[in-house]
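Colleague: Could you take a close look at one part of this model for me? I would like to hear about the aromatic pairs and what surrounds them.

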Amino acid sequence: MAYYINHPLYTPPTYGAQQVKLALAIFVICQLGNFSIHMALRDLRPAGSKTRKIPYPTKNPFTWLFLLVSCPNYTYEMGSWIGFAIMTQCLPVALFSLAGFIQMTIWAKGKHRSYLKEFRDYPPLRMPIIPFLL
């Protein structure tokens with residue numbers, strides 16, 4: 001990706017600074033969301049414990065995505081890559097984002113299945129990675 005973005009023939013995004021600013025906002029919001037999810041998951045298990053619990057939203061609004069998906073960290077990660085792809089408007093970045101999405105979907109489906117098997121009271125409306133879809 002860096003080769004294409006830093007290449008002398010790289011052309012800036014079609015919509016210029018507006019496109020970059022919007023995509024940067026998407027990227028930053030998704031990174032904050034990803035960080036919030038990781039903190040919520042960290043706080044779910046006491047230090048030294050192997051106890052597993054169902055993750056639920058906290059007071060932090062970024063964690064509210066737990067109401068809809070099992071792996072919101074992957075949802076936010078994908079949003080960050082989409083923002084980066086829009087920001088750079090570079091095909092290799094978009095292809096890398098697609099490959100990342102496919103891999104994270106595989107991981108999310110596995111985690112979702114694991115939650116469903118382990119917890120009988122797991123929220124039935126949650127999807128693995130994309131709310132209401134996948």
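Modeller: Happy to; here is the setting, then the rings, then the cores and cysteines.

This is a predicted model, in which local features need pLDDT of at least 70, side-chain atom pairs count only at pLDDT 80 or more, and totals for chains, interfaces and linings use all residues. Residues are numbered from 1 along each chain as its sequence is written, and side-chain values use heavy atoms, with hydrogens and water left out.

The protein chain holds 4 helices and 0 strands, in the order α-α-α-α; helices (H or I, at least four residues) and strands (E, at least two) are DSSP runs, numbered from the N terminus. Its C-alpha trace spans about 55 × 30 × 25 Å along the principal axes. Of the 134 residues, 33% are buried, where buried means under 20% relative accessible area, exposed over 50%, and partly exposed in between (1.4 Å probe, protein chains only). Among contacts with a separation of 6 or more, 70% join residues 24 or more positions apart; a contact means heavy atoms within 4.5 Å.

Now to the rings. Searching the whole structure gives 6 aromatic pairs. Rings of Phe, Tyr and Trp (its six-membered ring) pair if their centres lie within 6.5 Å; planes under 30 degrees apart count as stacked, over 60 as edge-to-face and the rest as tilted. One of the pairs is Tyr74 with Trp107: the ring centres are 5.9 Å apart and the planes meet at 40 degrees, so this pair is tilted. It bridges distant parts of the chain, with Tyr74 in helix α3 (residues 72–88) and Trp107 in helix α4 (residues 91–118), 33 residues apart. Trp107 is partly exposed, its relative accessible area being 46%. Elsewhere, ring pairs join Trp81, Phe84 and Phe96 into a cluster. Tyr56 has a charged partner: the charged end of Arg126 sits over its ring, 5.4 Å from the centre. That label applies if NZ of Lys or CZ of Arg is within 6 Å of the ring centre and within 35 degrees of the ring normal.

Next come the cores. A nonpolar core is a set of buried Ala, Val, Leu, Ile, Met, Phe, Trp, Tyr and Cys residues joined through side-chain atoms within 4.5 Å. The largest has 7 residues: Cys30, Ile37, Ala40, Leu65, Phe66, Val69 and Tyr76. Helix α2 (residues 16–44) contributes the most to this core, with 3 residues. Apart from it lies another core, of 6 residues, and among them is Tyr74 from the tilted pair, along with Met78, Met104 and Ile129.

Cys30 deserves a word of its own. Leaving aside residues up to four places away in sequence, Cys30 touches Tyr76, Gly79 and Ser80. Cys30 is buried, at 12% relative accessible area, and Cys71 is buried as well, at 2%. With a disulfide taken as a pair of cysteine sulfur atoms within 2.5 Å, the count is 0. For Cys30, the nearest cysteine sulfur is that of Cys71, 16 Å away.

Finally, the record. UniProt lists residues 20–41 and 82–107 as "transmembrane region" in an unreviewed entry; its annotations may be inferred rather than shown by experiment, feature names are shortened, and positions are given in the numbering used here. In the model, residues 20–41 are 100% helix, with end C-alpha atoms 31 Å apart. Residues 82–107 are 92% helix, with end C-alpha atoms 19 Å apart.
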